[in-house]
Amino acid sequence: MGLLAGKEIILGVTGSIAAYKAVYLLRELTQLGAGVTVVLTEHAQRFVGPLTFRSLSGRPVLTDLFDPQTDAAVEHVELATRCHALVVAPATANLLAKAAHGIADDFLTTLLLATRAPVLMVPAMDGGMWDHPAVRDNVATLRARGLTVLEPDAGELASGLVGKGRFPETDVILEALHRLLSPVKDLAGERVLITAGPTREPLDPVRYLSNRSSGKMGTALALAALRRGAEVVLVSGPTRLAPPGGAVFVPVETAEEMREAVLQHLPFATIVIKAAAVSDYRPREMAAVKIKSKQEGLTLQLTATPDILKEVAARKGKAFVVGFAAETHDVPRHAREKLEAKGIDLMVANDVSQKGIGFEADDNQVTLLDRWGDVIELPKMPKLQVASAVFDRILSLRAARPAKVPR
Ligand code: PMT
């Protein structure tokens, strides 16, 4: 989240019970190094007072366009031109309507007209309101004008009803803001198909064969691609991670389900990256009932799962295909053998016997081997940075590809 350090953010808060959640958002933003100026609507102040926001932002809170203490009318122009992003969180149905129709009757709505900075709206309201055709139309108008309007979460609402309208998690808002501020959009127009996590191959109704993949590497690839402007389909085995907002998320369980999902999306992909740790074997048959315990010398019959990566490479069309190789020794040799056997463009090899990288870790250390014979060893770094380095390499190989002859 280093991108937020030193950035000037305006945080507009409107009159919803979710206004208290803006306090947590403000705290996160300031902890990440952003300078935040809070603007409260009149109704927001009924829920949370300016003092709370002033204490956490360390700045005066702006409430009144005609405040005689400040030269607010001039200040709004200055603020609007100086800020890097304007976040309205929570954004009520009323605020969305005013923004869609260009109404400027208070400090926040005036800022919304005056600024040319990217705008992020974080709606929160009752489910029935969110679904109302008037709100849908206003959201569509704002999105068509280039504003980012997040989808609210579904769940129990302040009214006690269950529906879509909850204020999203802070992480989701920060990620959306990060994407908005990312300067590099060099993957715009790309459709990236990524696999992540493990597969589970059922032995019986309660047991399965699997592995330690957490999905962190694949999810980091999805995040990096989204930040750089790509459309992303993330096909993921079971993990504890929240799917990155903005990606088409396809949850799967078995290797066969992963294969089907990947082949379904393959015709639309320009880049395919298989970071998933697919089980190489599955039980020949799944027992219909739970296998009895305490059976000495119980033998499992296993059969190989489909090699998805190889099939993708054979049917890839113009897509650039990347695999990951999980090795424990003689990494470059084994990774190159896999690259050639599967017929892919780039192999990202990691030594999964090393502590602190590979499975479950937050960091990774990878070697990039391409089908043109080049090898690049990268240092250990957070998985998001590894992901970005993989995309850098894909773009530079693709740019050079016409001139290169595969080895
Ligand atoms: O998820 P994390 O905890 O973040 O861990 C990341 C990781 C270690 C899982 C990741 O960095 C990684 O190495 N992923 C590939 C793991 C793997 O299955 O490696 P492999 O060498 O067995 O397979 C080579 C390639 O073939 C992989 O791209 C794999 O997705 C693919 N494959 C393998 C078997 C199979 N039946 N179908 C496949 O498509």
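This briefing describes two sheets and the helices that pack in this structure. The model is predicted. One open sheet has 5 strands with parallel pairing, and another open sheet has 8 strands with mixed pairing.

**The sheet of 5 strands**
- The strands of this open sheet follow the order E2-E1-E3-E4-E5, and its edge strands, each pairing on one side only, are E2 (35-40) and E5 (148-149).
- Helix H6 (residues 107-114) packs on this sheet, where H6 touches E1, E2, E3 and strand E4 (119-123), and the direction of H6 makes about 140 degrees with that of E3.
- Strand E1 (residues 8-13) pairs with strand E3 (residues 85-91) in the parallel sense over 4 bridges, and Ile9 has Ala85 in E3 as its bridge partner.

**The helix pair H1 and H3**
- Helix H1 (residues 19-31) packs with helix H3 (residues 50-57) at an angle of about 10 degrees, their axes being 9 Å apart, which means that H1 is roughly parallel to H3.
- Ala19, Ala22, Val23, Leu26, Arg27 and Thr30 of H1 meet Thr52, Phe53, Leu56 and Ser57 of H3, and the residues of this contact comprise 6 nonpolar, 3 polar and 1 charged.

**The sheet of 8 strands**
- The order here is E12-E11-E8-E13-E16-E17-E19-E20; strand E12 (248-251) and strand E20 (375-377) are at the edges with a single partner strand each, so one side of each has no neighbour in the sheet.
- From one strand to the next, the twist averages 15 degrees.
- Strand E17 (residues 346-351) and strand E19 (residues 366-370) pair in the antiparallel sense over 5 bridges, with Asp370 in E19 as the bridge partner of Leu346.
- Helix H10 (residues 216-227) lies across strands E8 (191-196), E11 (231-236), E13 (271-274) and E16 (320-327), and runs at about 165 degrees to E8.

Terms used
Residues are numbered from 1 along each chain as its sequence is written. This is a predicted model: local features need pLDDT of at least 70, side-chain atom pairs count only at pLDDT 80 or more; totals for chains, interfaces and linings use all residues. Side-chain values use heavy atoms; hydrogens and water are left out. Two strands pair if DSSP finds at least two bridges between them. Helices (H or I, at least four residues) and strands (E, at least two) are DSSP runs, numbered from the N terminus. Contact means heavy atoms within 4.5 Å. Axes are lines fitted to C-alpha atoms, for helices over the stretch in contact, and angles run from 0 to 180 degrees between N-to-C directions. Angles under 35 degrees count as roughly parallel, over 145 as roughly antiparallel, 65 to 115 as roughly perpendicular and the rest as oblique. Ala, Val, Leu, Ile, Met, Phe, Trp, Tyr, Cys and Pro count as nonpolar, Asp, Glu, Lys and Arg as charged, and the others, Gly among them, as polar.
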